[in-house]
Amino acid sequence: MRKRTGAVLAVVIWATATLALGQENTSTDVTSERQEIELLKKRIEDLDQRVRVAERKNELKAEDDAAKAKSGISLEAVAKKEDTLENKIKGYGPFSFSGDLRLRHESLFGSGPVNGAEPATRNRERYRIRFNVTAKLNDEISGGFSLASGDLGDPISTNNTETGFFTRKPFSIDRAYATYKPKFFKPFNVTAGKFGYTWYRTELTFDNDINVEGSSQQVGWDWKDKPFFHFAVIGFELPLLEVSGGSDSAIFGEQVQTGWNLGPRVKATADVAYYDYKNPNTIAQNQTNGNGFATQGIATGQGGTFGFSAATLTNSFGVIAGARQFGSKFGILDSIFQLDFDTGIKRFPITTLFNFADNTRACENVAAFAAAGVAITCNARDRQGYWAEAQFGQTKQKGDWRFGYTFARIEREAVVSAFNASDIRQPTNVAQHRVEAAYQAYPNVTLNLTTFIGRQLITAQTPIEERWLKRLQLDFNYKF
C-alpha cells in the first residue's frame, strides 16, 4: 500500500514541475505536454486499478487460508455444499420428492395380412405423469409411494391418450412399499407392498411400467475391484388374485445374480431367474384384450370378475365349462447375460445384452382340454423367447446422445402375454425390431425417437403372412 502511494506522489510532483517549466514554451509545446499529461494520468489510473485487483486477490486468498485453518473447509467445498443444499430443498424432513412428465406423439402404420387391405394410419397424442415420495425413516427402514397416470385396469402402461371429449383422466397409486435393511446383517433386505422390480429382467418377461405386489427378500455382497465383484440371491412372492373361496393365483420366483470384472474396461453380469405361476388360468379368465376396468363383481364372460389388461391374449387358450383356460402352464426359466464396455470416452459407453426365456411347462394343460372333450391347438415347441439389445452412449449430462437397437423373437407359449412389453406388435408369437435415439437437451429434459417394426410369426395357428407394423414414437421427457 505504501509503495503504491509513493509512486503516485512522485508522478504528481514530476507532472507539476513539467507544467511549471512549460510556461516559457510556445502554445504548441503546451498543447503537446498537456496531451502527455492526460496519457500519463490514464496510465496511473490503470496501474492503480491493477494494484487494487492484486490486493483483493491477496485478501481473498488470506480469507480462504484462514477458513481452511479454522474449519478445514475450503471455498470449493462451500460451493459443493451449496449444490447439496439445493438438492435437499427438494426434501422435507425425512421425505424426498421427484417425478417426471412425458409427452408423446405416436403414429402406427402398416400391418394387416399381405393379401388384404392395409389398415388406415393411426395417430395419437399421449402423456404420462408420475410423482414419487420416498422416506428414510431411520437407518434400517425406508419406504415411499408413487402416483401415476394411466388406465386403472392396465398394469403394463401409465400412458393416457388425449381423447374422451376432455374428460378427466385417472391418477392413482402406482407404488406403496417399505424396505427393511437390518444393521446386524447388512447383506440382507426385505421389501413389501407394491414396489418396483427388486430383480433384474427385460421386457421379454415383464414390462417396464409394472410395479409388482407382494414381498421380496434379498441377500447380496459386493466386492470392489475384485474379479468376482457381485453375488446375490433374490426371492419374491407376488399375489395376482386373492379370492374368498377357491385357489388364489400368484407368482413365486427367485434369481441368482453374479458380476464379473473381465478386464480394466469390461464388466459382465450373468443372472438366472425362475418364475413359477400358480393357478395362471385366472389370468386368462380376466384378461380383457382392451383397456381394463379392474372391477370386482362384474363378469368378464370368460369365467372371471376382475377385467384387466390392454394386452392381446396371444397364448394358446380355450374354454372349458364357460371358463377360459390356457393351453400351457408357466414355469419360465429366464437367463440374462450383459457386457458393459468402457470405451475410454466417458459419454459413449457400450452395453450389450442377451436374454433367453424358456417356458418349461409349455402345453402342460392340454390334458385338461382332452378330458373335457374340448379341442385346442398348442405346440410345445413354441416355448422360447429371445431378446438381444445393444446401447451406445448415455443420457446423463446436457449434450449427451444415446443410440440403441433391440431384436426380439417371442414364441407363443414363451411368456405370459398379459405382462410383457406393451409397445411391440403383440406380446407373443412375434418378431420385433426396435431402433432408438435419445438426446439430453437440458439437464432434466430428454428427447427420444423410437421406431418399432414387428409382425407375428408364421405358424400353424397363424399361417398367413402379414405386413410389418411400424410404430413411431417421439417423446419429450421432463424430470424433476
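These exercises, each with a worked solution, concern the predicted model shown above.

Residues are numbered from 1 along each chain as its sequence is written. Local features need pLDDT of at least 70, and side-chain atom pairs count only at pLDDT 80 or more, while totals for chains, interfaces and linings use all residues; side-chain values use heavy atoms, with hydrogens and water left out.

**Exercise 1. Describe the chain as a whole.**

Step 1. Count the elements: the chain has 5 helices and 20 strands. Helices (H or I, at least four residues) and strands (E, at least two) are DSSP runs, numbered from the N terminus.

Step 2. Find the buried share. Of the 480 residues, 37% are buried. Buried means under 20% relative accessible area, exposed over 50%, and partly exposed in between (1.4 Å probe, protein chains only).

Step 3. Look at the contacts (heavy atoms within 4.5 Å). Among those with a separation of 6 or more, 59% link residues 24 or more positions apart.

**Exercise 2. Examine the hairpin of strand 12 and strand 13.**

Step 1. Establish the pairing. Two strands pair if DSSP finds at least two bridges between them. Strand 12 (residues 317-320) and strand 13 (residues 323-326) run antiparallel and are joined by 4 bridges. One bridge partner is named here: Gly318 goes with Gln325 in strand 13.

Step 2. Inspect the turn. The hairpin has 2 residues between its strands, and Ala321 in the turn has a positive phi of about 55°.

Step 3. Separate the faces of strand 12. Gly318 and Ile320 form the covered face, Phe317 and Val319 the uncovered one.

**Exercise 3. Compare two loop residues by phi and accessibility.**

Step 1. Recall the background: most residues other than glycine have a negative phi.

Step 2. Take Phe166, in the loop between strand 5 (160-161) and strand 6 (171-180). Phi of Phe166 is positive, near 70°. Phe166 counts as exposed because its relative accessibility is 85%.

Step 3. Take Asn279, in the loop between strand 11 (266-278) and helix 4. Phi of Asn279 is also a positive value, near 50°. Asn279 counts as partly exposed because its relative accessibility is 29%.

**Exercise 4. Is Gln287 buried or exposed, and which residues does Gln287 touch?**

Step 1. Locate Gln287: the residue is in the loop between helix 4 (281-286) and strand 12.

Step 2. Gln287 has a relative accessible area of 1%, so Gln287 is buried.

Step 3. List the contacts, not counting residues up to four places away in sequence: Gln287 touches Phe308, Ser309, Ala311, Thr312, Leu313, Arg324, Ser417 and Ala418.

**Exercise 5. Describe the largest cavity.**

Step 1. Fix the term. On a 1 Å grid over the protein atoms alone, a cavity is a set of points where a 1.4 Å probe fits but cannot get out, and lining residues have an atom within 4 Å of a point. Grid points are joined across faces, edges and corners, and a volume is the space filled by probe spheres set on the points.

Step 2. State the volume: the largest cavity holds about 40 Å³ of space.

Step 3. Name the lining: Trp387, Thr406, Ala408, Ile424, Gln432, His433, Arg434 and Phe452. Strand 17 (401-410) and strand 18 are the elements that give two or more residues. Strand 18 has the largest share, 3 residues.

Technical notes:
1 Å grid on protein atoms, 1.4 Å probe; cavity = no way out; pocket = protein on both sides within 12 Å on 5 of 7 lines; lining within 4 Å.
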